[in-house]
Amino acid sequence: MRVLVALGGNALLQRGQKPDARTQQDNVCLAVASLAKLAEKHELVITHGNGPQVGVLALESANDPNLTRPYPFDTLGAQTQGMIGYWMLQALQNALPGRQVISVVTQTLISAVDPAFDDPTKFVGQVYDRAEAERLAAQNGWTVRPDGPHWRRVVPSPQPQRVVETRLIRGLVRDGVVVVCAGGGGIPVIRNEKGRLQGIEAVIDKDLTGSLLSEALECDAFLILTDVPRVMRGFGTPEQEEIGHTTPHELRAEDFPAGSMGPKVEAACSFVEKTGDMAAIGRLDETEQIIGGHAGTIITPNATWPLASTL
């Protein structure tokens with residue numbers, strides 16, 4: 001099968017961990033241990049989150065006295081793509097000797113008039129308690145919102161329209177290359193009045209970009225791997241329960257938070273509705289079980305997986 005994996009930012013930097021390079025590199029090696037097994041049997045494309053990392057760089061940039069103004073988010077996105085892409089590239093090369101692996105810095109086209117610019121929802125950076133989050137918001141002009149028991153900065157998250165380098169990625173995959181791309185949802189760009197690509201301040205949801213790219217690459221499966229075993233119905237209530245095999249129609253009938261599980265569910269459902277193939281949301285360390293239909297929340301048109309053709 002051709003599989004696209006969208007790796008959650010928490011797989012690279014777990015909640016509460018300091019964002020040191022060594023810590024994240026160790027986490028990448030753990031992630032790659034699961035992904036390498038997938039690459040041995042299937043064509044593999046990997047995207048990854050960058051929320052914690054881009055938030056750290058944004059704070060450093062805002063506090064750098066040598067800068068006239070902080071680096072914009074498109075540039076910070078490119079920086080994190082290079083950094084995380086390097087870590088993943090090296091770990092995959094070490095785990096898959098003899099296999100061709102590449103990390104590609106990619107741009108994602110969005111609309112300059114997307115309504116998301118008026119309603120920031122995408123979490124970036126570290127978690128804070130409410131008092132510290134509000135202090136930083138006042139100091140830096142941020143918008144902050146609760147993220148579970150913590151508080152985090154939020155920024156605009158417009159809808160992705162196309163990964164600019166899609167044709168290049170498709171060619172690499174056809175040649176058997178493991179491709180790391182579209183990190184952080186891709187560098188947000190628009191076409192300006194002259195028709196030229198131009199970066200813009202935003203952070204694109206990596207799961208929505210992953211869904212778009214999975215469709216464009218004609219993937220057989222789209223996996224969103226995070227730190228939760230399954231999507232939960234009624235999360236945080238006494239009636240909460242795990243959702244196993246389901247359909248887009250059933251999943252869309254539920255209510256999920258816009259800043260966390262909501263985009264994941266939307267991305268997975270959109271892929272299944274457009275392609276008729278399989279999407280799943282689950283834990284990184286259960287990748288093989290998810291492909292086998294024994295773990296995670298599996299979304300298909302008729303709630304049946306695996307198909308005989310995938311065995």
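Is arginine 135 buried, partly exposed or exposed in terms of relative accessible area? In this predicted model, arginine 135 is partly exposed, its relative accessible area being 42%.

**Close-up 1. A salt bridge within helix α5 joins arginine 135 to glutamate 132.** The two side chains meet with an N to O distance of 2.8 Å. Both residues belong to helix α5 (residues 130–140), where they are three residues apart, about one turn of the helix. Glutamate 132 has a relative accessibility of 27% and, like arginine 135, is partly exposed. Side chains of opposite charge can pair when their charged atoms come close. The structure holds 16 salt bridges, and further examples appear in the next views.

**Close-up 2. Arginine 230 and glutamate 242 form a salt bridge through their side chains.** The N to O distance is 3.5 Å. Arginine 230 is located in the loop between β12 (221–226) and β13 (232–233), whereas glutamate 242 is part of strand β14 (residues 241–242), so the pair ties together parts that are 12 residues apart in sequence. Arginine 230 is partly exposed at 22% relative accessibility. Glutamate 242 is also partly exposed, with a relative accessible area of 41%.

**Close-up 3. A salt bridge between arginine 233 and glutamate 254 links distant parts of the chain.** The closest N and O atoms of the two residues are 2.9 Å apart. Arginine 233 lies in strand β13, and glutamate 254 lies in the loop between α8 (248–252) and α9 (261–275), 21 residues apart. Relative accessibility is 27% for arginine 233, which counts as partly exposed. Glutamate 254 likewise counts as partly exposed, at 27%.

**Close-up 4. Helices α2 and α4 cross with right-handed geometry.** The axes of helix α2 (residues 21–41) and helix α4 (residues 73–95) come within 9 Å and cross at roughly 45°. This angle makes α2 oblique to α4. On the α2 side, the residues in contact are Ala21, Gln24, Gln25, Val28, Cys29, Val32, Leu35 and Ala36. They meet Trp87, Met88, Ala91, Leu92 and Ala95 of α4. By class, this contact comprises 11 nonpolar and two polar residues, with no charged residues.

**Close-up 5. Helices α7 and α9 pack at an angle of about 10°.** The axes of helix α7 (residues 206–216) and α9 are 8 Å apart. The angle makes α7 roughly parallel to α9, since angles under 35 degrees are classed in this way. Helix α7 contributes Lys206, Asp207, Leu208, Ser211, Ser214 and Glu215 to the contact. Helix α9 contributes Pro263, Lys264, Glu266, Ala267, Ser270, Phe271, Lys274 and Thr275. The contact of α7 with α9 has four nonpolar, four polar and six charged residues. Among the contact residues are Lys206, Asp207 and Lys264, which are linked in a network of salt bridges.

**Close-up 6. Threonine 47 is a buried residue of strand β2.** The strand covers residues 43–48. Threonine 47 has a relative accessible area of 1% and is therefore buried, the limit for that class being under 20%. Leaving aside neighbours within four places in sequence, threonine 47 is in contact with Leu4, Val5, Ala6 and Leu7, and also with Cys181, Ala182 and Lys206. Lys206, one of these contacts, also belongs to the salt-bridge network with Asp207 and Lys264.

Conventions:
Residues are numbered from 1 along each chain as its sequence is written. This is a predicted model: local features need pLDDT of at least 70, side-chain atom pairs count only at pLDDT 80 or more; totals for chains, interfaces and linings use all residues. Side-chain values use heavy atoms; hydrogens and water are left out. A salt bridge is a side-chain nitrogen of Lys or Arg within 4 Å of a carboxyl oxygen of Asp or Glu. Helices (H or I, at least four residues) and strands (E, at least two) are DSSP runs, numbered from the N terminus. Buried means under 20% relative accessible area, exposed over 50%, partly exposed in between (1.4 Å probe, protein chains only). Axes are lines fitted to C-alpha atoms, for helices over the stretch in contact, and angles run from 0 to 180 degrees between N-to-C directions. Angles under 35 degrees count as roughly parallel, over 145 as roughly antiparallel, 65 to 115 as roughly perpendicular and the rest as oblique. A crossing is left-handed if the near helix is turned anticlockwise from the far one by less than a right angle, and right-handed if clockwise. Contact means heavy atoms within 4.5 Å. Ala, Val, Leu, Ile, Met, Phe, Trp, Tyr, Cys and Pro count as nonpolar, Asp, Glu, Lys and Arg as charged, and the others, Gly among them, as polar.
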